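Below are some brief notes for a colleague who has the model open. They follow the annotated domain, the nonpolar cores, one helix and the aromatic residues.

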Amino acid sequence: MIHTTALTKDFVVSRTETVHAVKGINLTVEPGELVAVLGPNGAGKTTTMRMLTSLIHPTSGTARVAGYDVATDPSQVRRRIGYVGQGNGAGHTQLVRDEMYTQGVIYGLDRRSAARRADELLAALDLVPLAKRKVSDLSGGQRRRLDVAMGLVHAPSLLFLDEPSTGLDPQNRANLWEHILRMRVEHEMTIMLTTHYLDEADSMAERVVVVDHGEIIADDTAENLKNNLAGDRVVLSVAPMPDAGAHLEQVVSRVEHVREVTTDSPGHLTVRVDQGPHTLPRLLRAVDAAGFTVTAAELHRPTLDDVFLGLTGRSLRESSAAAETDPASPDAATDKDAA
């Protein structure tokens, strides 16, 4: 459904400065997949999405979407995809149903088909009671559902979602995703999304692609990424014993499936392990057999933020927040320039 080879995008900021927003991305997405793209603001996520949807031209490389080249056949690409960008797509002064109907006509549906399709999607996304209201009168969650409906009006085989739930409260986020996932099943769609909500990517996507500084640095299932790149974390506390620090580390490091041992303070260790639920009992037995008294033990399963931390040495949440609060930074400017 999507295939890119060495896809790049540069933005000329001034005569002496060029921002390399995307640096040779190779990506393949099969029909029916739901792929989440993660990365801090300015990583190149939105720039990549805009190239794949034919909104901006690549600087170099190739991209085929739904069977067509985005550079040479952009109109064919647009006929076959739906795109929900970060901003609201509907006109604020328009009525909800009128916007849906107009969208269908723009995509080439005859008037009767456009009206029928509008009514189907309004019903599917719980927008029927809002059909005669102005878009400006809708709540944030209602507007995002309308954006999704407009992206689906021509029954695309591929749907792009660029941070679809940003700014929504947890209830509206869950409600929006319930509708999106149901529509995905009903229409057998492929979905590619960007998001800063790691729980969305973790629970819904079959694949997670991590992008940083315009490059793909990881591509796998969320579970594999967490197990292989982060591992489980055990926080262990033992009763104080004189000069026992080095011996305790040796005991812990010899346990099977232990990756790394860090002494936080005397008697307190952080241990990176594989297969945490199975390794923790072995760890406790080994420490007890060595004569230490365990006073507390906590097992923490990894998150996708731990994956990003392991790959880059920084937190995805912290990186995203820093870019958002510093619009002058190069990372924050990259995707803004693309728009």
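1. An unreviewed UniProt entry lists residues 2-238 as "domain: ABC transporter". The model is a predicted one. Across residues 2-238, helix accounts for 37% of the chain and strand for 30%. The C-alpha atoms at the two ends of this stretch are 52 Å apart.

2. The largest nonpolar core holds 46 residues. Those touching the most other members are Met100, Leu146, Leu161, Val208 and Leu304. Helix H5 (residues 140-152) supplies five residues, the largest share of this core. There is also a second, separate core of 27 residues, with Ile25, Ala43, Ile56 and Val77 among them.

3. Which residues does Leu304 contact, leaving aside neighbours within four places in sequence? They are Leu38, Leu198, Ala201, Asp202, Val208, Ala222 and Lys226. One of these, Val208, is listed with Leu304 among the core residues that touch the most other members.

4. Helix H8 spans residues 222-230, and its buried residues are Ala222, Leu225, Lys226 and Ala230. Viewed down the H8 axis, the buried residues lie within an arc of 95°, so they line one face of the helix. Two of them, Ala222 and Lys226, are in contact with Leu304. Gly231, just after H8, has a positive phi of about 80°.

5. How many aromatic pairs does a search of the whole structure find? The count is zero. Tyr197 does have a charged partner: Arg173 lies over the face of its ring, 3.7 Å from the ring centre.

Definitions and conventions
Residues are numbered from 1 along each chain as its sequence is written. This is a predicted model: local features need pLDDT of at least 70, side-chain atom pairs count only at pLDDT 80 or more; totals for chains, interfaces and linings use all residues. Side-chain values use heavy atoms; hydrogens and water are left out. A nonpolar core is a set of buried Ala, Val, Leu, Ile, Met, Phe, Trp, Tyr and Cys residues joined through side-chain atoms within 4.5 Å. Buried means under 20% relative accessible area, exposed over 50%, partly exposed in between (1.4 Å probe, protein chains only). Helices (H or I, at least four residues) and strands (E, at least two) are DSSP runs, numbered from the N terminus. Contact means heavy atoms within 4.5 Å. Rings of Phe, Tyr and Trp (its six-membered ring) pair if their centres lie within 6.5 Å; planes under 30 degrees apart count as stacked, over 60 as edge-to-face and the rest as tilted. A charge sits over a ring if NZ of Lys or CZ of Arg is within 6 Å of the ring centre and within 35 degrees of the ring normal. UniProt positions are given in the numbering used here, feature names are shortened, and annotations may be inferred rather than shown by experiment. The arc is that of the directions from the helix axis to the C-beta atoms.
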